[in-house]
Amino acid sequence: MQAFSESDTLRQALQEQRAAGRRIALVPTMGNLHGGHLALVEQARQAADFVVTSIFVNPLQFGPGEDLDAYPRSLESDRKLLADHGCDALFLPEVAEMYGDDLATQTRVQVPGISENYCGRSRPGHFDGVATVVSKLFNIVAPDVAFFGLKDYQQFLVIKKMVSDLKMPIHIKGVEIVRADNGLALSSRNNYLSEAEKLQATAIYRTLCATRDAILAGRSDFSELEAAASQALLEAGLRPDYFAICRAADLRPAEPADQALAILAAAWLGRSRLIDNLRFSRHRQTQ
Ligand code: AMP
């Protein structure tokens with residue numbers, strides 16, 4: 001696996017791959033890789049001939065007072081994991097390579113609507129930062145296909161909308177959430193948690209499952225279900241940020257007749273903000 005820190009050098013190397021008829025996949029990450037990221041790399045490996053992974057802790061997607069400086073970095077183990085999982089090229093730009101020397105005057109990409117609720121409301125500017133950096137990565141790598149985790153389901157929909165609106169010729173693939181055996185969604189931010197807190201954090205997945213099961217059993221009093229779920233998270237010692245039953249396609253609040261649903265949750269545990277979700281169809285299969 002070759003590592004690149006400059007866009008031009010990476011672009012040149014990729015031009016050779018493209019000229020040889022190879023299909024290119026991109027997996028954007030912020031590093032501190034775990035099984036969730038590696039699932040993306042493995043799917044990219046299957047879908048393309050040449051896999052590029054980027055590791056860039058993007059300052060533009062962190063708000064003031066967020067964990068940009070504390071964000072876990074583990075470059076040496078990341079390199080090894082990527083090489084072992086068949087990644088062909090690692091893109092590791094410095095902040096100046098991506099943004100020059102003035103972040104404040106950078107051109108930004110904004111995806112209205114889908115960006116505005118949930119994480120967008122709690123983290124103003126977050127999705128502008130994500131859409132901007134992903135656009136830049138797409139312009140540098142020009143992948144045929146790019147992989148994103150469904151753990152960040154709102155982010156996945158933001159990227160799909162951006163690609164569709166801006167007519168970017170890139171397939172966006174979503175990869176199912178990778179969880180620990182106890183249900184906790186893998187996340188770099190789990191590194192902030194003690195072992196006891198990790199156990200406590202499993203309440204998020206349990207509450208998501210209980211809410212989904214109640215809906216599948218026929219309940220459609222969504223506001224009551226959301227309130228009960230927030231209460232369950234509080235009782236487990238978490239501070240819910242939001243717990244929302246939405247339409248899977250556009251994250252509008254779900255109506256009783258909607259079939260394809262997503263339940264989104266974000267909650268604080270100590271100084272860690274954790275997110276998770278479940279997507280499912282209410283359509284009952286007859287056997
Ligand atoms: P991050 O490094 O947190 O920006 O994540 C990079 C990519 O990995 C994003 O597309 C995430 O959605 C995805 N990802 C992170 N955690 C998981 C997980 N547990 N399962 C699946 N994908 C994940």
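A residue counts as buried when its relative accessible area is under 20%, as exposed when that area is over 50%, and as partly exposed in between (1.4 Å probe, protein chains only). The model is predicted, so that local features need pLDDT of at least 70 and side-chain atom pairs count only at pLDDT 80 or more, while totals for chains, interfaces and linings use all residues. Residues are numbered from 1 along each chain as its sequence is written, and side-chain values use heavy atoms, with hydrogens and water left out.

**Exercise 1.** Decide whether Cys119 is buried or exposed, and find out how far its sulfur is from the closest cysteine sulfur.

*Solution.* Begin with the accessibility of Cys119, which is 7% in relative terms, so that this residue counts as buried. Next, take the sulfur of Cys119, whose closest cysteine sulfur belongs to Cys246 and is 11 Å away, which is too far for a bond. Finally, apply the rule that a disulfide is a pair of cysteine sulfur atoms within 2.5 Å, by which the count comes to zero disulfides.

**Exercise 2.** Identify which atoms of Gly149, Asp152 and Leu186 lie at short distances from atoms of the ligand.

*Solution.* Start with Gly149, where a polar backbone atom is 2.8 Å from an oxygen atom of the ligand. Continue with Asp152, where a polar side-chain atom lies 2.5 Å from an oxygen atom of the ligand. Then turn to Leu186, which has a polar backbone atom 2.8 Å from a nitrogen atom of the ligand.

Note on methods: Polar contact = N/O pair within 3.5 Å; in protein donor to acceptor, adjacent residues only side chain to side chain.
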